Amino acid sequence: MMGDRLVDPADARALHSGGRLTAGRSPGEGGVKADRYQGFLFNPADLSEDVDLDIDRRREILYLAACMDGWTHWQALGLRWNATASEARDAYREKAKVFHPDRFQGRRLGAFRPRLERIFRRLTEARDALSDETSRAAYARKTAPPEEVARSTARTIEGDVRAKERRARLARTNPMVSRVARVHELMDRGRKAREEQRFADAARDFLTASAMDPTLAEARSLAEESRKRANAGKARDLWEKALAAELQHDLDRAQMHAEAAADAEPGEPRYVIYVARLALQRGALQTARGRAEAAVRIAPSLGTAHEILGEVLAAQGESGPARKALERALELDDGLDGARERLRKLRWSFLR
Amino acid sequence: MNENEPFIGIDLGTTNSVVATVIDGVPRVIASRTGQTLTPSVVAVSRNGKRLVGHMAKRQAITNAENTAHAAKRLIGRRWGSPEVEDARKSLPYELVPGPEGNDIRAMLGGRTFAIPEISALVLAELKADAEAFFGRRVTKAVITVPAYFNDGQRQGTKDAGRIAGLEVVRIINEPTSAALAYGFGKQMEKKVAVIDLGGGTFDVSILDVGKSVYDVIAVGGDTYLGGEDFDRRVIDWLVFSFAQEHQGIDLRQDKMAMQRLRDAAERAKIELSETSQAAIHLPFLASGSDGKAAVHLDRQLTRDKLEELTQDLVDKTIQVADRTLRDAGVRVGQIGEVLLVGGMTRMPRVQQAVRQHFGREPSRGVHPEEVVALGAAIQAHALLHPQKGKEVLLLDVTPQNLGIMVVGGYFSTVIPRNTTVPTSQSHLFTTVQDSQTSVRIAVLQGGSDKAVENELLGEFVLDGLRSAQRGEVEIEVSFDISADGIVGVSARDSATGARQSITVTATSGLTEAEMRRILEENMDEMLTRRQVGDFERLRDRTRAVISEIEGLSPRVKESLARSRFGKDAVVKAEDVVGRARDAIEKGDLQQMIAVEEQLDRALQLFKGLVGGAASGPKDPS
């Protein structure tokens, strides 16, 4: 049978380290080494059969016929593991010159004829398997000795790392690949930042992503939302800084932070009102007036906005408009005791 | 082994055969006793019952077409009823009948049936006789070539023919491989070679990897029914058709003699057109005019263009096969280092052009594309019989077609795939499919189809006497082997008991052993005596002619020697040889005559040299 009988890789190694088989050499050259047949036991009856073959050739044939089936294809051809296809073809030719039945034409071979035919067949089988690059490679993997397996596993891991690097390099160099990958990356990072309440970071990533891929509606809306929340956070921070400064009676710094907070979140009247109040305290009536008007514009239905405007107008001596603004404030928010007090004073100017 | 035992290589062709040998390490063609290197593969039985072979048979073919067998190679090993045989029956002038078993073919010649191997054997025997005349002694060992694409039956048939001819067929080798061997002889080749062999009846392509004196065949392809004969037939059909148009529907196909003349003329014109662009076909009195009208002649011009037009599809087919074979070999056109053209048909410029185009290189041709195959066979015979240290040549050939068996459903299961290096073998495990089944029938087939019926049935055998057991329990290991000749053998073994069963695949398209023996006995006496007598007569006539020439020259030689200071003993020696030759003729001793022949020739040459005369050499009696 020509089935693939594989040897234990450990055996294979032992045989390989035992050196090349010298079977291809004609007898007489160099003589027979003691370890040449690896302790193979010859049957004396076989050795003494009456045939036209000398004793060395008999030994060789008996040994090969008995052992070759268990060898790897490379061993059968007397080659090291993983020898190339062309080496296999060359080795086959050399061996065929020795063992092809034609080489023994006209000689009495007796029981040695089927053995020779088996050897030749085994050689042919080995050559056929190894001269095709695909089957050779598959066979090499199947028969790899352990240290080769280890080496090739190492190579595989190394290969994975290299593949990753290669992909990254490709992403860098290929604009198409890089764009898509980059957008994904930004979106992921943005979502993560948003979850962690780092809205400024999130907004930046979403915004970049939406700029790279304008069709991505999700990026746009997420960017908008994150930006708002980022601004709100920033404004609150600044406002808190401003309050802290005010407590320390550092009105200039408080004013600066408060204005920054108002700028950061322009839609939020609280900050504007606060800016106006600070300005009023510092006597910067013009600034206070502008801010107070802005607060009313932003939040026309907010009592405190009208209250601050009324106070600023009162400070500027415009008691008529001031009274109107304060009345409006009280109309909107009944709880504004400061406004009521100021209004009363305005009505009864002698109370001042 | 006797170092001096002569051996021959024979190219048994469809139209011509050649015999060669190796002398002092040099391969050479053996000329026939009439001095020609090509012997037509033609056998005839003359009106008086004499068997004629070669030139003699070919010469009388026109007048005796229905008893003249040519192109036997196209029939050897084929089954009665196969398309090739049906086609041959239409085109061949001699009658074909089924053999006694109804499955092989016999030819009717002179009122007697001949098995096809028997016809080939007559050609082989003729070549053997030529070789024996050349060596002056018996020749038995021969290597015979066959087309690479021949199947088992065809190879077996060829081997049988050799046996009938009294030859020990040392090996059957493939023609393209043989050609490559001859081409590479004495060269240090290290390359891939494509051999394109378009002969008289068969077409072969082989891709070889040659190196270190090993001729390693990678793949073969071909068509055993495509060759010069088909080219000839296109010309014949064209002539017949146009003749019928010209002469109110005279159908030349009804006239065997006319057809034979057409066949010869068509072949000649085709050969001529390899050198010229136009050939005249002139056949006077080809058909007798009906109703007492005057006989009609055929007179036509065939141009090379017309020939190429008529045969374009045949040329295309060769290229298709070549392409497929390259693919099988897994070799690209660019990797081919040499393209070798073999066979007479490759002389046709259109064929060369097509090959040049396909392979993109100038094809190589030996000096004699008809002889190269025989030379290769001789080299292989030499390598097998007298292996020489350091000059080993080894052929590693492959099996051309898938070998397999028929399996359930009429399908074909491959056991040994084509292009497997031979010798090879493969085992196959059969099991019983019914309870208590005691016999298994196995059909062995060869071919490329998935369906069993579309392949060539090599034979059937029955394994019986199996143990009676539950189905699937009995396992029989059948091993198939293909020898270096490409011939299939089968043996079987019961896996459990180890009992061997020897089986023979009786070829369905060949001779049975009994028939073989009968033919051998029948032919042997006749051929032996006939040849002995024939040889003796020929040699005697020749010897007489040489003797008279020597004696004619003798006075002048003596005269010139009288003035010379040397060579006096030449005359004495010559007289001695002449005396012995006369003695042999008187006693009718063929062996002694052969022994003295060479010395006689040398004496004559010496005499001629001495007189410096312009006397002509010995005339061949024929």
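In this predicted model, strand E9 (residues 105–109) of chain B runs antiparallel to E10(B), and the pair is held in register over four bridges. One of the pairings puts B:Arg106 across from B:Ala115, its bridge partner in E10(B).

Zooming out, these strands belong to an open sheet of three strands in chain B, ordered E8-E9-E10 and paired antiparallel. Strand E8 (95–98) and strand E10 (112–115) sit at the edges with a single partner strand each, so one side of each has no neighbour in the sheet. Going from one strand to its neighbour, the direction turns by 40 degrees on average, ignoring which way the strands run. Helix H3 (residues 116–135) of chain B packs on this sheet, where the helix touches E9 and E10 of chain B. The direction of H3 makes about 80 degrees with that of E10(B).

Over in chain A, the picture is one of helix against helix. Helix H10 (residues 199–212) and helix H11 (residues 217–247) of chain A pack with their axes 8 Å apart, at an angle of about 155 degrees. Angles over 145 degrees count as roughly antiparallel, and H10(A) and H11(A) are therefore roughly antiparallel to each other. The crossing of H10(A) past H11(A) is left-handed. On the H10(A) side, the contact draws on A:Phe199, A:Ala200, A:Ala202, A:Ala203, A:Phe206, A:Leu207, A:Ala209 and A:Ser210. H11(A) answers with A:Ala219, A:Arg220, A:Leu222, A:Ala223, A:Ser226, A:Arg227, A:Arg229 and A:Ala230. Sorted by character, the residues of this contact between H10(A) and H11(A) come out as eleven nonpolar, two polar and three charged.

Terms used:
Residues numbered from 1 in each chain as written. Chains lettered and ligands numbered in written order. Predicted model: local features only at pLDDT ≥ 70, side-chain atom pairs only at ≥ 80, totals over all residues. Heavy atoms only, no water. Axes fitted to C-alpha atoms, helices over the stretch in contact; angles between N-to-C directions. Helix = DSSP H or I, 4+ residues; strand = E, 2+ residues; numbered from the N terminus. Parallel < 35°, antiparallel > 145°, perpendicular 65-115°, else oblique. Left-handed = near helix turned anticlockwise from the far one by under 90°. Contact = heavy atoms within 4.5 Å. Nonpolar A, V, L, I, M, F, W, Y, C, P; charged D, E, K, R; others polar. Pairing = 2+ DSSP bridges.
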